Amino acid sequence: QVQLLESGGNLVQAGGSLRLSCAASGSILSIKTMGWYRQAPGKQRELVALMSNGGATNLAGSAKGRFTISRDNAKKSVYLAMNSLKPEDTAVYYCNVVGWLTGGAEFISWGQGTQVTVSS
């Protein structure tokens, strides 16, 4: 009932930049939080950045000072601008959206993932 379309992953050299995008669609009444998680090979999925409906943000320590999360509520979209990328940022990045469906039920939706590879 909720679809997330991610884009922006790519191969980039260390020190480079990327911008990830995620657009939500479907039977959405309202959105509570939008954000990004990542999972590197052999590691657990971890929070990168989260933004509430009111604009409050929660960034992982590794992201502070380098990554910026933003969202466009009208477009039901969230973005992650990543600068000064490091090889350890290499991972599959997943969009995550939490909200309520038009029927009133709460939903948690994940994107299919977009690969970010940072070469040294």
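The following paragraphs lead the reader through strand 9 and the side-chain contacts of this predicted model.

Because the model is predicted, local features need pLDDT of at least 70 and side-chain atom pairs count only at pLDDT 80 or more, while totals for chains, interfaces and linings use all residues. Residues are numbered from 1 along each chain as its sequence is written, and side-chain values use heavy atoms, with hydrogens and water left out.

A suitable starting point is strand 9. Helices (H or I, at least four residues) and strands (E, at least two) are DSSP runs, numbered from the N terminus. Strand 9 covers residues 91–101. Nine of its 11 residues are buried, so strand 9 is largely enclosed by the rest of the structure. Here buried means under 20% relative accessible area, exposed means over 50%, and partly exposed lies in between, with a 1.4 Å probe and protein chains only.

The pairing of strand 9 with other strands comes next. Two strands are taken to pair if DSSP finds at least two bridges between them. Strand 4 and strand 9 run antiparallel and are joined by 10 bridges; within this pairing, Ser30 has Trp100 of strand 9 as its bridge partner. Strand 9 is also joined to strand 11 (residues 114–119), again in an antiparallel arrangement, by three bridges. In that case Val92 is partnered by Gln115 of strand 11. With strand 10, strand 9 pairs in the antiparallel sense over five bridges, and the bridge partner of Asn96 in strand 10 is Trp110. Strand 9 and strand 10 form a hairpin with four residues between them, and Gly104 in the turn has a positive phi of about 105°.

Strand 9 also carries one end of a disulfide, defined as a pair of cysteine sulfur atoms within 2.5 Å. A search of the whole structure finds one such bond. It joins Cys22 to Cys95, with an S to S distance of 2.1 Å. Since Cys22 belongs to strand 3 (residues 18–26) and Cys95 to strand 9, the pair ties together parts that are 73 residues apart in sequence. The torsion about the S-S bond of Cys22 and Cys95 is about -80°, and the disulfide is therefore left-handed. Cys22 counts as buried because its relative accessibility is 1%, and Cys95 counts as buried because its relative accessibility is 0%.

Trp110, already met as a bridge partner of Asn96, also takes part in ring contacts. Rings of Phe, Tyr and Trp (its six-membered ring) pair if their centres lie within 6.5 Å; planes under 30 degrees apart count as stacked, over 60 as edge-to-face and the rest as tilted. By this rule the count comes to one aromatic pair. The ring centres of Tyr37 and Trp110 are 5.0 Å apart and the planes meet at 65°, so the pair is edge-to-face. Tyr37 lies in strand 4 (residues 28–39) and Trp110 in strand 10 (residues 106–110), so this pair, too, ties together parts that are 73 residues apart in sequence. With a relative accessible area of 37%, Trp110 is partly exposed.

A charge sits over a ring if NZ of Lys or CZ of Arg is within 6 Å of the ring centre and within 35 degrees of the ring normal. Arg45 lies over the face of Trp110, at 4.6 Å from the ring centre. Arg19 lies over the face of Tyr79, at 4.3 Å from the ring centre.

The charged side chains complete the picture. A salt bridge is a side-chain nitrogen of Lys or Arg within 4 Å of a carboxyl oxygen of Asp or Glu, and three are counted by this rule. Arg38 meets Glu46 in one of them, at 2.7 Å from N to O. Arg38 is buried, with a relative accessible area of 6%, whereas Glu46 counts as partly exposed at 37% relative accessibility. Arg38 also meets Asp89, at 3.0 Å from N to O. This contact links distant parts of the chain, with Arg38 in strand 4 and Asp89 in the loop between strand 8 (77–82) and strand 9, 51 residues apart.

Arg66 and Asp89 form a further salt bridge, at 2.7 Å from N to O. Arg66 lies in the loop between strand 6 (57–59) and strand 7 (67–72), and Asp89 in the loop between strand 8 and strand 9, so the pair ties together parts that are 23 residues apart in sequence. Arg66 counts as buried at 11% relative accessibility, as does Asp89 at 1%. Arg38, Glu46, Arg66 and Asp89 are thus linked in a network of salt bridges.
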